[in-house]
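Load the model in a viewer and keep a selection panel open. The stops below go from one selection to the next.

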Amino acid sequence: MSNGRRRRERIALWMLAVAAISFFVYRSVDLGFRRGDERPVGGVEDVVALAQRDDLNVLFVLIDTLRADRMSAYGYERETTPFIASLARSGIRFDQHLAQSSWTKASMASLWSGLYPLRTGVTKFDHVLSEDAELPAEILSEAGYRTVGIYRNGWVNGYFGFDQGFDRYYRPMGQLRDAGLQRLRPNELGHAGDEELVGDAIEFLRINGRRQPWLLYLHMMDLHEYTYDDQSALFGSAPSDIYDNSLLRTDWLISELHSFLAEEGLLENTLFVLLSDHGEAFGERGFEGHARAVFPETTHTPFILGLPFRLEEELVIERPSTNLDVWPTLLELLGRRLPDERDGRSRRDDILRALDPAGRVREESGIEEVQFAFLDENWGRPDPERKPAVSASEDRLRYVSGTDADGEPFEALLSSEDGFTRNQIAEAPEAASRLRAAADRHLETDAIFDAGALELDEMQLDQLRALGYQLP
């Protein structure tokens with residue numbers, strides 16, 4: 001055998017080994033803790049004691065366009081989120097979690113303010129979140145936190161009011177290092193991807209991780225764009241498969257960030273928050289994508305909370321929760337004040353009850369919560385007429401109304417018991433009537449802020465059109 005042939009065979013074997021290792025890394029369910037998670041084991045008393053600590057940081061990771069039921073952490077058959085599943089196994093997972101809209105700007109205005117979209121007044125493409133809304137970054141900045149936001153979705157740009165309370169708030173720039181990824185994301189126009197965003201986050205943590213308590217908000221966007229690479233291309237080539245490939249790649253990027261926290265000893269004083277603004281439809285009811293309806297596929301989103309200590313086993317909160325509840329929960333855990341004006345409520349007591357059912361927090365009785373999601377189907381048009389899509393959820397039932405894919409009005413009563421697959425209005429008319437009435441009352445809600453309207457120039461409009469939206 002010639003030396004050249006031997007060399008070619010060695011190279012081929014080496015490449016095969018690299019591919020095998022890459023596959024193992026992506027598939028390993030213990031991916032997140034491979035670099036030494038040294039957090040102590042904790043329990044209910046440690047959760048209570050969080051409010052007395054003055055060294056706690058908040059890492060707030062938002063994965064744009066992430067629907068919960070496509071995550072292995074939520075029971076999906078494909079192993080799309082091995083790291084996030086490992087994070088959930090030692091932390092808290094909210095099982096029935098609802099986003100307040102299927103469009104980023106309306107959803108994020110609600111998440112940050114704790115108010116429903118109709119109350120924030122942010123329902124159209126040119127609306128601005130009012131300065132009168134008190135946001136978590138302002139509360140934490142007042143308490144001495146360093147606050148930094150790194151975002152990649154133009155709908156949360158600072159000129160829409162989302163930079164309130166942040167010491168630094170910016171969109172990372174720079175050419176992609178991988179030419180293949182650039183081809184997969186031609187509309188990015190030189191903006192950095194999630195890999196660069198995570199790199200910026202790590203650099204911030206390297207310099208500022210121990211200087212003072214911090215809030216670091218990361219708004220990831222590769223999943224929105226279905227970006228994946230050779231190593232994450234495990235599930236196929238149809239759009240739904242590519243989404244799963246992209247989610248696997250995003251999971252790996254988050255594991256790298258978590259590993260850096262572990263190596264620097266920062267996990268022991270950090271709340272690691274993972275959630276999304278909305279989901280994504282794959283033709284389940286005639287819709288593709290998002291920002292067109294408020295069915296579960298675009299509003300059932302994850303909420304996973306990693307604590308400064310490990311729980312002995314995964315804690316699952318079964319009671320329905322919403323993105324409105326996220327910041328009231330975090331602020332109460334941190335021992336910080338909550339905004340006076342809010343629709344969401346803290347889920348801290350739900351956590352304590354689940355950890356210690358016979359303990360200090362008694363079960364609430366007589367509370368029947370109805371939770372809402374809303375989308376103005378005319379959000380992308382200057383037309384002032386409102387065209388509402390709304391859902392009203394109570395326990396396992398969800399009433400949804402709006403305009404179907406053919407432009408016709410519809411209503412449906414769905415249940416999580418069958419995966420929200422079948423319209424049950426005919427067989428449960430009383431429940432449908434009750435939730436329809438609740439939805440109608442919600443649509444009468446008035447905004448408490450004057451959202452105002454920003455006149456966008458062509459460059460700003462083009463940046464938003466590059467996300468795939470049709471705008472005037």
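What covers the buried residues of helix 12? Select helix 12 (residues 348-355) and show what surrounds it: the cover includes helix 2 (44-49), strand 2, strand 11 and helix 11 (326-333). The buried residues of helix 12 are R348, D350, I351, L352 and R353, where buried means under 20% relative accessible area, exposed over 50% and partly exposed in between, with a 1.4 Å probe and protein chains only. Helices (H or I, at least four residues) and strands (E, at least two) are DSSP runs, numbered from the N terminus.

This is a predicted model, in which local features need pLDDT of at least 70 and side-chain atom pairs count only at pLDDT 80 or more, while totals for chains, interfaces and linings use all residues. Residues are numbered from 1 along each chain as its sequence is written, and side-chain values use heavy atoms, with hydrogens and water left out.

**Whole chain**

Colour the protein chain by secondary structure: 14 helices and 16 strands should appear. Of its 472 residues, 58% are buried. Taking contacts (heavy atoms within 4.5 Å) with a separation of 6 or more, 70% are between residues 24 or more positions apart.

**The sheet of 8 strands**

Select the strands in the order 5-4-6-1-7-10-2-11; they form an open sheet of 8 strands with mixed pairing. Two strands pair if DSSP finds at least two bridges between them. The edges are strand 5 (168-170) and strand 11 (315-317), each of which pairs on one side only. From one strand to the next the twist averages 10°, with axes fitted as lines to C-alpha atoms, for helices over the stretch in contact, and angles running from 0 to 180 degrees between N-to-C directions.

Inside this sheet, pick strand 7 (residues 270-275) and strand 10 (residues 303-306), which pair in the antiparallel sense over 4 bridges. V273 has L305 of strand 10 as its bridge partner.

Next, add helix 8 (residues 194-208), which packs on the sheet and touches strand 4 (146-151), strand 5 and strand 6 (214-220). The direction of helix 8 makes about 170° with that of strand 6. Helix 12, from the opening stop, also packs on this sheet, touching strand 2 (92-94) and strand 11. The direction of helix 12 makes about 130° with that of strand 11.

**A loop glycine**

Centre on G144, in the loop between helix 6 (136-142) and strand 4. G144 is partly exposed, with a relative accessible area of 36%. Leaving aside neighbours within four places in sequence, G144 is in contact with Q212 and P213. G144 and Q212 are 68 residues apart in sequence and 7.7 Å apart in space, C-alpha to C-alpha.

**The nonpolar cores**

A nonpolar core is a set of buried Ala, Val, Leu, Ile, Met, Phe, Trp, Tyr and Cys residues joined through side-chain atoms within 4.5 Å. The largest has 74 residues, and those with the most contacts inside it are F60, I92, W112, F162, Y217, L307 and W327. Show W327 as sticks: beyond its neighbours within four places in sequence, W327 is in contact with V58, F60, L111, W112, P136, L140 and L215. Another core, of 42 residues, lies apart from the largest one, and among its members are A68, L216, I242 and F260.

**The sheet of 4 strands**

Select strands 13-14-15-16, an open sheet with antiparallel pairing in that order. Strand 13 (371-376) and strand 16 stand at the edges with a single partner strand each, so one side of each is left without a neighbour in the sheet. Is strand 13 buried or exposed? Of its 6 residues, 6 are buried, so strand 13 is largely enclosed by the rest of the structure. Q371, A373 and L375 point one way from strand 13, and F372, F374 and D376 the other way.

Strand 13 and strand 14 pair over 6 bridges in the antiparallel sense, with A373 opposite S391. Strand 15 and strand 16 pair in the antiparallel sense over 7 bridges, with L397 opposite S415.

**The second largest pocket**

Finish at P296, H300, S416, G419 and F420, which lie nearest the centre of the second largest pocket among its 30 lining residues. Strand 16 gives the most to the lining, with 3 residues.

Notes
1 Å grid on protein atoms, 1.4 Å probe; cavity = no way out; pocket = protein on both sides within 12 Å on 5 of 7 lines; lining within 4 Å.
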